[in-house]
Amino acid sequence: MTNPAVGDTAFEVNLPRDGGDMVSLSDFAGKNVVLYFYPRDDTPGCTKEAIGFTESTAAFDGLNTVILGVSKDSIKKHDKFVAKHDLKIALLSDEDGDVCERYGVWVEKNMYGKTYMGIERATFLIGTDGKIAQVWRKVKVPGHVDAVLDAVRAL
């Protein structure tokens, strides 16, 4: 497991997205990328976060920024989630967990006294130079999209 930090070159991502196309970070050379990791499609927090990013896509587009959500859910689940909530962001499927491991978001979690492995809600802002400009870990959904937008504006 690794923990990329501010200033590090972002690890390449090459994953299938909702709809089935492959997406790589290198596809967005010259753009800022918001790479956010979330636990599971169609759960309350993940839904609020995805809708929040969708509602702000015009603002991010205006700042030369693309949003990529990553979870271990299948493309089929992503497609249902996108259709149900009319999402306008790319959702990438990391079913084998390789990208989650490289970004250090596959962690031990604890709920109701039970420990289990899961995705820590985290966001990485990657600048046009391919370097990590900001990292948010253990994200709380309320206010998060606005905080990311503010950080992009500050680049």
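## The second largest pocket

In this predicted model, the second largest pocket has a volume of about 180 Å³. Its lining is made up of 15 residues, and those nearest the centre of the pocket are D61, T65, V66, I67 and K88.

Two elements, helix 2 (57-62) and strand 4, each contribute at least two residues to the lining of the second largest pocket. Strand 4 provides the largest share, four residues. Sorted by class, this lining holds eight nonpolar, three polar and four charged residues.

## The largest pocket

The volume of the largest pocket is about 480 Å³. Around this pocket stand 20 lining residues, of which P39, K109, Y116, G118 and I119 lie nearest its centre. Strand 6 (106-111) and strand 7 (114-119) are the elements that give two or more residues to this lining. The largest share, five residues, belongs to strand 6. By class, the lining of the largest pocket comprises nine nonpolar, three polar and eight charged residues.

P39, one of the residues nearest the centre of the largest pocket, is located in the loop between strand 3 and helix 1. Because its relative accessibility is 25%, which falls between the limits of 20% for buried and 50% for exposed, P39 is classed as partly exposed. Apart from its neighbours within four places in sequence, P39 is in contact with C46, S71, K109, I119 and R121. Two of these partners, K109 and I119, are also among the residues nearest the centre of the largest pocket. In addition, P39 and E120 are separated by 81 residues in sequence, while their C-alpha atoms are 6.7 Å apart in space.

## The nonpolar cores

In soluble globular proteins, nonpolar side chains tend to be buried together. In this model, the largest nonpolar core contains 23 residues, and L35, F37, L68 and Y103 have the most contacts inside it. At least two residues of this core come from each of strand 3 (32-37), strand 4 (65-71), strand 5 (90-93), helix 4 (98-102) and strand 8 (122-126).

L68 illustrates these contacts. When residues up to four places away in sequence are not counted, L68 touches V23, L25, F28, V33, V34, L35, Y36, A90 and L92. Another core, of 21 residues, lies apart from the largest one and includes Y36, I67, F81 and L125. I67 is thus named in two settings: I67 belongs to this other core, and I67 is one of the residues nearest the centre of the second largest pocket.

## The hairpin of strands 8 and 9

Strand 8, which supplies at least two residues of the largest core, runs antiparallel to strand 9 (residues 132-136), and four bridges join the two strands. Among the paired residues, I126 has I132 in strand 9 as its bridge partner. Five residues lie between the strands of this hairpin, in which G130 adopts a positive phi near 80°.

## T54 in helix 1

T54 is placed in helix 1 (residues 44-55). T54 counts as buried because its relative accessible area of 12% is under the limit of 20%. Leaving out its neighbours within four places in sequence, T54 is in contact with D86, L87, K88 and I89. One of these partners, K88, is also among the residues nearest the centre of the second largest pocket.

Note on methods
Residues numbered from 1 in each chain as written. Predicted model: local features only at pLDDT ≥ 70, side-chain atom pairs only at ≥ 80, totals over all residues. Heavy atoms only, no water. Core = buried A, V, L, I, M, F, W, Y, C linked by side-chain atoms within 4.5 Å. Buried < 20%, exposed > 50% of the residue type's maximum accessible area, 1.4 Å probe, protein only. Contact = heavy atoms within 4.5 Å. Pairing = 2+ DSSP bridges. 1 Å grid on protein atoms, 1.4 Å probe; cavity = no way out; pocket = protein on both sides within 12 Å on 5 of 7 lines; lining within 4 Å. Points joined across faces, edges and corners; volume = space filled by probe spheres on them. Nonpolar A, V, L, I, M, F, W, Y, C, P; charged D, E, K, R; others polar.
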